[in-house]
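The exercises below are intended for a reader who is meeting this structure for the first time. Please read each task, attempt it with the structure in view, and then compare the worked solution.

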Amino acid sequence: MSDKEGKQEKPLKVGGVELPAWVTDAREGICLEMTHPEAQGALKVIPIDKAKNYLVGRHEGEFNVVVDHVTVSRRHALLVHKGDAVFLYDMSSNGSSINGAPSAKKEYCELQVGDQIRFGDHPSTFTIALQKPTSTALRPAAALASAATVNKQGAPAPTARRKSGEAALPIANASPATSTGRTPRGNLLIIHGLKLHIGSKGLEVRTVEPDSVAESHPFPFSWGDLVESIDDADTSTMSKEAISEALERGRNSDQIRLAIKKGGEVRHVTL
């Protein structure tokens, strides 16, 4: 017997876990719909049909679903496929839940379309869903509160920034444009695809739009990140109108500088 014939292929390991031999290609169109209790409808659709397995957690990489939260481990759980079914393998300290009940630790728990998953104490829910093959699904994206990591090599070109004189980027929930075009209705604003919310804590990050400058940025934007300054102006001392005007100036310029507090650390981000 030759050396090649005598050698057995080593089992594939993901996140330090050996994948079982029964893992198969994914069912076409299978995905996660991410929802949040403070938002209406799905915040993000995350395809999980491009690989046989996906690693869930704060660890970034291709075919990873990034869930950025202090109670979520770097390698929190695995999602693996077997035919039309998806299996959850939790290997975390803080656990996961399926339809409100704690999932078993280090066991493969079968999931079906409609099942709802939560990881750690992250407020978002991830529902197993099936998209029609003809529909356009969002790529795995950077940031969650929570999101999936973009494969930077395969990411499309960022949405072009507006030049002076071009139509303004939309302000979500905005009332008809005034003479200044800066008066928002409600507290949700968008700058280069980054959705921001003016709340009781200040100017907070919500989500990012697909195929946008914010989505392609390496900074892992997550729900609840606090924007402390816009172009060095302290947002805690600014009115809603002043914040809206500062963001509008950012749209008119080549870039905007944001100081974002994430996990107790302030990071400076340029969009």
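The exercises that follow concern a predicted model, and each task is followed by its solution.

**Exercise 1. The cysteines**

Determine how many disulfides the structure holds, and state whether Cys31 and Cys109 are buried or exposed.

Solution. Step 1: A disulfide is a covalent bond between the sulfur atoms of two cysteines. Step 2: The search for such pairs gives 0 disulfides. Step 3: Residues under 20% relative accessible area count as buried. Cys31, with a relative accessible area of 1%, is therefore buried. Cys109, at 16%, is buried as well.

**Exercise 2. The open sheet**

Give the order of the 6 strands in the open sheet, and identify which strands stand at the edges.

Solution. Step 1: Strands of a sheet pair through backbone hydrogen bonds, either parallel or antiparallel. Step 2: The order here is β4-β3-β13-β12-β9-β10, with antiparallel pairing. Step 3: β4 (44-47) and β10 (101-102) each have a single partner strand, so one side of each is left without a neighbour in the sheet, and these two stand at the edges. Step 4: Within the sheet, β12 (residues 116-119) and β13 (residues 125-130) are joined by 2 bridges. In this pair, Ile117 stands opposite Phe126 of β13.

**Exercise 3. The partners of β17**

Find which strands are joined to β17 (residues 226-230), and by how many bridges.

Solution. Step 1: Strand β16 (residues 202-208) runs antiparallel to β17 and is joined to it by 2 bridges; Leu203 stands opposite Val227. Step 2: Strand β19 (residues 257-262), also antiparallel to β17, is joined to it by 4 bridges. There, Ser229 has Ala259 as its bridge partner. Step 3: Strand β18 (residues 233-234) is joined to β17 by 2 bridges and is antiparallel to it, with Ala233 as the bridge partner of Ile230. Step 4: β17 and β18 form a hairpin with 2 residues between them, and Asp231 in the turn has a positive phi of about 50 degrees.

**Exercise 4. Helix α3**

State how the span of helix α3 (residues 240-252) stands against the expected value, and which elements cover its buried residues.

Solution. Step 1: The helix has 13 residues and reaches 19 Å from its first C-alpha to its last, close to the 18 Å expected at 1.5 Å a residue. Step 2: The buried residues of α3 include Ile243, Leu247 and Arg251. Step 3: Among the elements covering the buried residues of α3 are β14 (188-191), β15 (194-199), β16 and β17.

**Exercise 5. Salt bridges**

Establish how many salt bridges the whole structure has, and which residues Lys262 joins into one network.

Solution. Step 1: Side chains of opposite charge can pair when their charged atoms come close. Step 2: The whole structure has 7 salt bridges. Step 3: One of them links Asp49 and Lys50, with the closest N and O atoms 3.6 Å apart; Asp49 is buried at 18%, whereas Lys50 is exposed at 58%. Step 4: Lys262 meets Asp68 at 2.5 Å, N to O. Lys262 is buried at 16%, while Asp68 is partly exposed at 21%. Step 5: Asp225 also forms a salt bridge with Lys262, at 3.2 Å. Asp225 lies in the loop between α2 (213-216) and β17, and Lys262 in strand β19, so the pair ties together parts that are 37 residues apart in sequence. Asp225 is buried at 6%. Step 6: Through shared partners, salt bridges join Asp68, Asp225 and Lys262 into one network.

Definitions and conventions
Residues are numbered from 1 along each chain as its sequence is written. This is a predicted model: local features need pLDDT of at least 70, side-chain atom pairs count only at pLDDT 80 or more; totals for chains, interfaces and linings use all residues. Side-chain values use heavy atoms; hydrogens and water are left out. A disulfide is a pair of cysteine sulfur atoms within 2.5 Å. Buried means under 20% relative accessible area, exposed over 50%, partly exposed in between (1.4 Å probe, protein chains only). Two strands pair if DSSP finds at least two bridges between them. The expected span of a helix is 1.5 Å times one less than its number of residues. Contact means heavy atoms within 4.5 Å. A salt bridge is a side-chain nitrogen of Lys or Arg within 4 Å of a carboxyl oxygen of Asp or Glu.
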